[in-house]
Amino acid sequence: MTSEARRVEHQMTDKGYVPVYTTAVVAQPWASYSVADHAVWGQLFRRQREILQGRACPEFLDAMDAMGMSDARIPKFEELNVHLQKATGWKLIGVEGLLPELTFFEHLAAREFPVTWWIRRPDQIDYIAEPDLFHDLFGHVPLLMNPLFADYMQAYGAGGVRASTFGAESLANLTRLYWYTVEFGLIDTPAGLRIYGAGILSSKGESIHCLESAAPNRIGFDVQRVMQTRYRIDTYQKTYFVIEGFEQLFKATVDPDFAPLYDRMRGAEPIPAAAVLDRDRVFNRGTGEGWLADGDV
Ligand code: PHE
Ligand code: CO
């Protein structure tokens with residue numbers, strides 16, 4: 001533990017924003033949050049909770065209540081950890097910003113979820129390039145209360161440590177799986193499609209866009225299809241993958257050995273983010289309205 005927690009943000013250069021990585025684990029400096037910090041949390045919390053009624057999966061909304069997260073103040077990691085410990089054995093750890101990939105995997109494999117301790121400024125309410133406390137805590141933490149999802153996250157971390165030994169291409173395959181599930185996943189329920197991906201859950205615009213817009217594709221989850229599909233980080237997604245339940249996600253990823261799968265995918269052209277393939281199970285074929293015609297990356 002370092003004594004003073006720093007706020008490590010992306011740097012603006014003449015090539016645009018570049019991410020800055022930091023490995024320190026810090027105690028959440030809760031007393032240092034300003035009135036404005038708590039107000040940003042409260043404003044975002046109220047806004048998202050309202051939007052997410054009937055849009056987020058029930059497991060997410062129920063877990064958030066069970067953990068006692070509210071708009072009143074920025075939650076204390078220590079208090080959330082009491083609930084997590086009891087439910088699934090997960091533990092939140094404070095970090096200063098983005099972790100290097102391998103360090104991130106190692107924490108997940110140890111059932112430690114890194115949460116950025118600092119929150120965005122009021123002028124960044126609607127968009128911030130990097131993960132902050134609101135994204136990490138509001139978006140990711142509630143589902144760690146769900147036993148299946150909790151096990152998926154740990155197995156993903158262990159799988160990441162392992163994929164690192166297979167080379168950059170396998171790592172890219174696995175990173176796409178995280179992107180299209182943990183960050184931007186949709187889940188089919190008897191009441192209709194719902195959101196479980198944290199990147200959507202912490203975004204006002206995308207929470208509505210991903211379910212209601214005619215523009216994006218919504219396609220049934222297939223693990224190899226997902227691992228070959230490119231993605232963009234700076235616009236709404238062109239394609240969302242829909243799981244039938246956390247059971248399906250678990251069975252398709254945790255049980256199988258990915259080594260032969262990585263071998264099979266080696267050297268293959270990635271699938272463009274916007275593509276719909278003949279073998280896809282299509283919930284909705286996107287109109288593509290509003291998409292940038294500048295390729296996927
Ligand atoms: N089963 C995968 C492997 O053999 C690991 C993994 C688990 C990957 C869960 C993603 C999610 O490498
Ligand atoms: Co995230």
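The following paragraphs describe the pockets, the cavity, the metal site and the ligand surroundings of a predicted model.

The largest pocket has a volume of about 1500 Å³. Its lining comprises 47 residues, and the closest to the pocket centre are Ala129, Glu130, Pro131, Trp179 and Glu183. Two or more lining residues come from each of α1 (35–52), α4 (101–109), β5 (112–116), α5 (133–140), α7 (168–183) and α9 (204–212). Among these elements, α7 makes the greatest contribution, with four residues. Sorted by class, the lining of the largest pocket holds 23 nonpolar residues, 13 polar residues and eleven charged residues.

For the second largest pocket, the computed volume is about 270 Å³. Its lining is made up of 14 residues, and Val26, Ala27, Gln28, Phe77 and Glu78 are those nearest the centre. The elements β3 (25–26), α3 (77–87) and β4 (91–95) each supply two or more residues to the lining of this second pocket. The largest share, four residues, is provided by β4. Eight residues of the lining of the second largest pocket are nonpolar, three are polar and three are charged.

The cobalt ion (ligand 2) has three protein donor residues: His135 and His140, each through NE2, and Glu183 through OE. The donors lie 2.0 to 2.1 Å from the cobalt ion. Along the sequence, the donor residues follow the spacing H-x4-H-x42-E. His135 has a relative accessibility of 10% and therefore counts as buried, the limit for this class being under 20%. His140 is likewise classed as buried, because its relative accessibility is 5%. The third donor, Glu183, is also one of the residues closest to the centre of the largest pocket. The ranges of two of the elements that line the largest pocket, α5 (133–140) and α7 (168–183), take in the positions of the donors.

His140 also takes part in the lining of an enclosed space. A search of the whole structure returns one cavity of 30 Å³ or more. The volume of the largest cavity is about 40 Å³. Around this cavity are Gly139, His140, Leu143, Phe149, Val182, Tyr196 and Ala198. Five residues of the cavity lining are nonpolar and two are polar, with no charged residue. The metal donor His140 is thus one of the residues lining the largest cavity.

Ligand 1 is surrounded by Tyr152, Ala155, Tyr156, Gly159, Arg162, Leu174, Leu177, Thr253, Val254, Pro256, Asp257 and Phe258. Backbone atoms of three of these residues lie close to nitrogen in the ligand, as follows. A backbone N or O atom of Thr253 is 2.7 Å from a nitrogen atom of ligand 1. For Pro256, the distance from a polar backbone atom to a nitrogen atom of ligand 1 is also 2.7 Å. The corresponding distance for a polar backbone atom of Val254 is 3.4 Å.

One backbone angle is also noted. Arg111 has a phi value near 55°, which is positive although the residue is not glycine. Arg111 is located in the loop between α4 and β5, and both of these elements give two or more residues to the lining of the largest pocket. With a relative accessibility of 16%, Arg111 counts as buried.

Definitions and conventions: Residues are numbered from 1 along each chain as its sequence is written. Chains are lettered from A and ligands numbered from 1 in the order in which they are written. This is a predicted model: local features need pLDDT of at least 70, side-chain atom pairs count only at pLDDT 80 or more; totals for chains, interfaces and linings use all residues. Side-chain values use heavy atoms; hydrogens and water are left out. On a 1 Å grid over the protein atoms alone, a cavity is a set of points where a 1.4 Å probe fits but cannot get out, and a pocket is an open set with protein on both sides within 12 Å along at least five of seven lines; lining residues have an atom within 4 Å of a point. Grid points are joined across faces, edges and corners, and a volume is the space filled by probe spheres set on the points. Ala, Val, Leu, Ile, Met, Phe, Trp, Tyr, Cys and Pro count as nonpolar, Asp, Glu, Lys and Arg as charged, and the others, Gly among them, as polar. Donors are N, O and S atoms within 2.8 Å of the metal (3.2 Å for Na, K and Ca); water is not among the atoms, so sites may look incomplete. Buried means under 20% relative accessible area, exposed over 50%, partly exposed in between (1.4 Å probe, protein chains only). A residue is near a molecule or strand if one of its heavy atoms lies within 4 Å of it. A polar contact is a pair of N or O atoms within 3.5 Å; within protein, one must be able to donate a hydrogen and the other to accept it, and residues adjacent in sequence count only if both atoms are side-chain atoms.
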